[in-house]
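Please take a moment to look over the sequence and the model before reading on. The paragraphs that follow lead from paired strands to packed helices, and then to two single residues.

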Amino acid sequence: MKALHEQSLAELALTLRDKEVSAVELAKHFLARGAAHEGLGAYLAVNEDVTLAQAADADARLAKGDRATLLGVPVAHKDIFVTKDFASTAGSKMLENYRSPFDATVVVRLAAAGMVTLGKLNCDEFAMGSSNENSAYKPVKNPWDVSRIPGGSSGGSAVAVAARLAPAATGTDTGGSIRQPASFCGVTGIKPTYGRASRYGMIAFASSLDQAGPMARSAEDCALMLWAMCGPDPDRDSTSLDLPAEDFSKTLNASIEGLRIGVPKEFFGAGLAPDVRAAIDAALKEYVKLGAKIVEVSLPRTELAIPVYYIIAPAEASSNLSRFDGVKFGHRAKQYDDLLDMYKKTRAEGFGDEVKRRIMIGTYVLSHGYYDAYYLQAQKIRRMIADDFQDAFKQCDVIAGPVAPTVAWKLGEHGNDPLADYLADIFTLPGSLAGLPGMSIPCGFGAGGMPVGLQLLGNYFAEGKLLNAAHRFQQVTDFHLRVPEGF
Ligand code: GLN
């Protein structure tokens, strides 16, 4: 039998059904790996009693002949999803030890599918960041080179999967936080169309952009999990789409003969590092061998996605984070003079620098006199960016390009320069602003032997097409199966 931590989700489900291992033994195996590699900083919370109780329930269901696809298979959640049984911190001191009275919809759905929760994964504070260095607790280290960042904000999720501490994880993507860490850590991740997955119980950053998705080793595994995660949630998230969940596994294995892959010329400019470019070019050649056709397309407002996103996301964040006032939940300053002083001290103590920076920018761009000049202009360009994609999709079925301009950088390399992080988001932000589904799949290695991800973007609701295109690539390549040395 293949080592348990080397098995795919589907393989694990079979191993459990065939009684080669129990869900409790399987959970113990992964908890032990998590503990052995604690130094990576991937987990913020574990609770063995809770995990093993869930696993025992799964064993009981298995014994009764329940054949739910993911029954007994472990998963770990980004600490942006609220959970009853584990603390939910969003990577912030503001929510240290915070216990939610309910589980996020995505957590409820995966639990109903039988998945067993291993714990909560580290992330940038309130999902703001590209390197996971904005976590208030600890940085996360990239298992391919522990002197490098794993990407962010779902850095803990990417590392848990890459280092085989969990077979799969949840992530969230507001401007690239599933795709970019997946790319930097050599795992597969998909952000679905905005509205596919319920945002209920996802601690809000920028509500018009936030979207949950799976991070796993392969497109096949992501398809299984995405199916379980998605679906309408009309009573709890008014932006959730009225679309039944699809069994994305069924769409895998279709031929991609004649698939038109659009390559946006703006994604291949001077800013793209040559090592990343080489890996992307090689991947595109592989697609041609599989029968796809490459067509050049244009996304002329790609560069504008950075200022547009860094106006809209902070604007929404400044509003969403106003709830952390020391009254309802989370941290409250110990000493203060009056109510206003309590608010000020609570927020000064509870939030980290990047969060404060965004609250200030967001408040500024929404304020009287600046709203028209910044926020409104940004909204107009956001619409144009979405329209540019519709023009491109007249000529192609999916869009392909790099996820990020470089491989993962060194911890501390961007120092106190937040702009360096923002600029590195250039290729993920356009798809986010348009609300489109996007993936990252491992497609090679670049400088320092670090993984490179290929980004695939689809039109609205085209997750099945994306997963199929990714799966076809993974059937003829093995980048997604490589394991960092020592794991
Ligand atoms: N890096 C981007 C930011 O800091 C995206 C984060 C995300 O997708 N959550 O806002």
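Two strands are taken to pair if DSSP finds at least two bridges between them. With that in mind, and remembering that this is a predicted model, the reader can begin at strand S6, which covers residues 211-216. In this strand, Ala-216 is the bridge partner of Thr-188, and the pairing involved is that of S6 with strand S5, residues 188-191, the two running antiparallel and being joined by two bridges.

Strand S6 also pairs with strand S4, again in the antiparallel sense, and here the pairing extends over six bridges. Two of the positions can be followed residue by residue: Ala-169 has Met-215 of S6 as its bridge partner, while Gly-171 stands opposite Gly-213 of S6.

How much of S6 is buried? Six of the six residues of S6 are buried, so the strand is largely enclosed by the rest of the structure. This holds for both of its faces, with Gln-211, Gly-213 and Met-215 buried on one side and Ala-212, Pro-214 and Ala-216 buried on the other. Strand S4, which spans residues 168-173, is likewise mostly covered, since six of its six residues are buried. Its two faces are both covered, one by way of the buried residues Ala-168, Thr-170 and Thr-172, and the other by way of Ala-169, Gly-171 and Asp-173, which are buried too.

From the strands, the path leads on to helix H7. Nine of the eleven residues of H7 are buried, so this helix is largely enclosed by the rest of the structure. Among the buried residues are Asp-221, Cys-222, Leu-224 and Leu-226, as well as Met-225, Ala-228 and Met-229. Just after H7, Gly-231 takes a positive phi of about 125°.

Helix H7, residues 219-229, packs with helix H4, residues 105-112, at an angle of about 115°, and the axes of the two helices are 8 Å apart. Because angles of 65 to 115 degrees count as roughly perpendicular, H4 is described as roughly perpendicular to H7. The crossing of these two helices is right-handed. On the side of H4, the contact is made by Val-106, Arg-109 and Leu-110, and on the side of H7 by Met-225, Ala-228 and Met-229. Sorted by class, this contact of H4 with H7 has five nonpolar residues, no polar residues and one charged residue.

Two single residues, each within a helix, complete the tour. Is Thr-51 buried or exposed? Thr-51, which is found in helix H3, residues 48-63, has a relative accessibility of 0% and therefore counts as buried, the limit being under 20%. Leaving aside residues up to four places away in sequence, Thr-51 touches Ala-27, Leu-31, Phe-86, Val-116, Thr-117 and Leu-118.

Arg-383, by contrast, lies in helix H12, residues 371-392, and is exposed because its relative accessible area of 54% is over the 50% cut-off. The C-alpha atom of Arg-383 is separated by 17 Å from that of Thr-174, and these two residues are 209 residues apart along the chain.

Conventions
Residues numbered from 1 in each chain as written. Predicted model: local features only at pLDDT ≥ 70, side-chain atom pairs only at ≥ 80, totals over all residues. Heavy atoms only, no water. Axes fitted to C-alpha atoms, helices over the stretch in contact; angles between N-to-C directions. Helix = DSSP H or I, 4+ residues; strand = E, 2+ residues; numbered from the N terminus. Parallel < 35°, antiparallel > 145°, perpendicular 65-115°, else oblique. Left-handed = near helix turned anticlockwise from the far one by under 90°. Contact = heavy atoms within 4.5 Å. Nonpolar A, V, L, I, M, F, W, Y, C, P; charged D, E, K, R; others polar. Buried < 20%, exposed > 50% of the residue type's maximum accessible area, 1.4 Å probe, protein only.
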